[in-house]
Amino acid sequence: MIVTIDGPAGAGKSTVARQLADKLGFDFLDTGAMYRCVALLGSRQQIDWADQPALAAIAAALPLEFDGARVLLEGEDVSAEIRTPEVTALIHYAADNTQVREAMVALQRKLAAEDDVVTEGRDQGTVAFPHAECKIFLSASAEERAKRRVEQMRQAGKEVSVEQVLEQQNLRDQQDEAREVGGLKAADDALVVITDGMRAFEVVEHLERLVRIRM
Ligand code: C5P
């Protein structure tokens, strides 16, 4: 069975999708991590970002492995490095590259062919798995998403304002929504879940009920 969870940055998808996968006994596919790894390798290899085929070649031979919550590139744990602001600022080169997207979707389908999965991203219900048995579009208001991010950063010892986060978040939302191929969009048959005012565990319980109805 394939469960897709798409939605904008900061909607809490990763946390919720991972916990949902655990509850269901499914594998979890973090597709954002894939685009992050392509951007990281592009940066390490100092490619010319205008050279789209060079980035596509990296994506086509991505030495990526998921080991529980860890993301490995040729055995090296890059889980923290792919989430730095430096890498985040480069992802659009990977996400806007049609050939990179094709390679990522092929990899996602290959991984999902092996087991039941909860897969999380922007285009999972629309492009990667249009025939998924259960599609969820998870969102929250921009303010709520920004406040959650500020709280997350505070817990990690970093102080940022809601305004600062909102500005970056709006930019990312615009980039993700404007993308012609694989842009952020709810599939026509997706169940839209707005999580304003809900705690993570409540969202997980709600999604679990939705999935079990379809099992
Ligand atoms: O989910 P995460 O924040 O890690 O995703 C990072 C970026 O990767 C997104 O902002 C989006 O540009 C891109 N992405 C994508 N398609 C996916 C998953 C992520 O374009 N399926």
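The following paragraphs describe the overall form of a predicted model and then the setting of one of its strands, strand 6.

The secondary structure of the protein consists of 10 helices and eight strands. A compact globule of 215 residues would be expected to have a radius of gyration near 17 Å, and because the protein has 17 Å, the two values agree. The C-alpha trace extends over about 45 × 40 × 35 Å along its principal axes. Of the 215 residues, 46% are buried, and among contacts with a separation of 6 or more, 74% link residues that lie 24 or more positions apart. The exposed surface of the protein amounts to about 11000 Å², of which carbon and sulfur atoms supply 49%. With respect to charge, the protein carries 25 positive and 37 negative side chains, and the centres of these two sets are 4 Å apart.

Strand 6, which comprises residues 117-121, is mostly covered, with five of its five residues buried. This cover applies to both faces of the strand, since V117, T119 and G121 on one side and V118 and E120 on the other are all buried. Strand 6 pairs in the parallel sense with strand 1 (residues 2-6) over five bridges, and within this part of the structure D6 has G121 of strand 6 as its bridge partner. Strand 2 (residues 27-30) also runs parallel to strand 6, to which it is joined by four bridges; here the bridge partner of D30 in strand 6 is E120. The buried residues G121 and E120, placed on opposite sides of strand 6, thus serve as bridge partners of D6 and D30, respectively.

Conventions
Residues are numbered from 1 along each chain as its sequence is written. This is a predicted model: local features need pLDDT of at least 70, side-chain atom pairs count only at pLDDT 80 or more; totals for chains, interfaces and linings use all residues. Side-chain values use heavy atoms; hydrogens and water are left out. Helices (H or I, at least four residues) and strands (E, at least two) are DSSP runs, numbered from the N terminus. The radius of gyration is taken over C-alpha atoms; the globule rule is 2.2 Å times the number of residues to the power 0.38. Buried means under 20% relative accessible area, exposed over 50%, partly exposed in between (1.4 Å probe, protein chains only). Contact means heavy atoms within 4.5 Å. Accessible areas come from the Shrake-Rupley method with a 1.4 Å probe; for residues, only the protein chains shown count as cover. Lys and Arg count as positive and Asp and Glu as negative; His and the chain ends are not counted. The place of a charge is taken as NZ of Lys, CZ of Arg, CG of Asp or CD of Glu. Two strands pair if DSSP finds at least two bridges between them.
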